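Trainee: I'm new to this one. Could you walk me through how we get from the picture to the words people use for it?

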Amino acid sequence: IPPDPELLPGDAHEKFDNLDRIMLRGQIDAMIRTARGLVVIDYKTDRITARTLEKRVEFYRPQVKAYCQAISAITGLPVESAHMVFFAVRRIVTI
């Protein structure tokens with residue numbers, strides 16, 4: 001599948017050829033199938049504080065979005081929601 005242009009860095013989307021593909025390597029920590037689609041859960045063990053949480057969410061957002069796009073393409077099911085679980089601050093962030 002061609003990547004979502006939002007996930008490409010900088011002006012890469014302008015140079016991207018639709019025949020190109022991007023390899024995504026990672027591990028989805030948990031995935032739950034529901035009546036409406038899939039729920040993706042990504043656990044984060046970073047040692048952060050409540051003050052630095054938002055910065056880490058923005059850092060990981062493209063990664064989790066890419067996971068969602070890939071898993072939807074592979075399974076043919078929509079991703080209903082995606083969540084990052086930050087253990088250090090005991091917070092779940094839905095993206």
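Trainee: In what order do the elements of the protein run from the N terminus on?

Mentor: Keep in mind that this is a predicted model. Its elements follow the pattern α-β-β-α-β-β, and the secondary structure comes to 2 helices and 4 strands.

Trainee: How do you know that strand S2 and strand S3 pair, and in which sense?

Mentor: Two strands pair if at least two bridges are found between them. S2 (residues 37-44) and S3 (residues 79-86) have 7 bridges, so they count as paired, and the sense is parallel. Within S2 and S3, valine 40 stands opposite alanine 82.

Trainee: What is the order of the strands in the sheet?

Mentor: The order is S1-S2-S3-S4, in an open sheet with mixed pairing.

Trainee: Why are S1 and S4 called edge strands?

Mentor: Strand S1 (30-34) and strand S4 (91-94) each pair on one side only, and that is what the term rests on. On average, neighbouring strands of this sheet are turned by 20° against each other, direction ignored.

Trainee: Where does helix H2 lie?

Mentor: Helix H2 (residues 53-75) lies across S1, S2, S3 and S4. Its direction is at about 145° to S3.

Trainee: What makes a residue count as buried, and what percentage of the residues do?

Mentor: The relative accessible area has to be under 20%. Of the 95 residues of the protein, 29% count as buried. The protein exposes about 6800 Å², with carbon and sulfur atoms supplying 53% of it.

Conventions
Residues numbered from 1 in each chain as written. Predicted model: local features only at pLDDT ≥ 70, side-chain atom pairs only at ≥ 80, totals over all residues. Heavy atoms only, no water. Buried < 20%, exposed > 50% of the residue type's maximum accessible area, 1.4 Å probe, protein only. Areas by Shrake-Rupley, 256 points an atom, 1.4 Å probe, with all protein chains shown as cover. Axes fitted to C-alpha atoms, helices over the stretch in contact; angles between N-to-C directions. Contact = heavy atoms within 4.5 Å.
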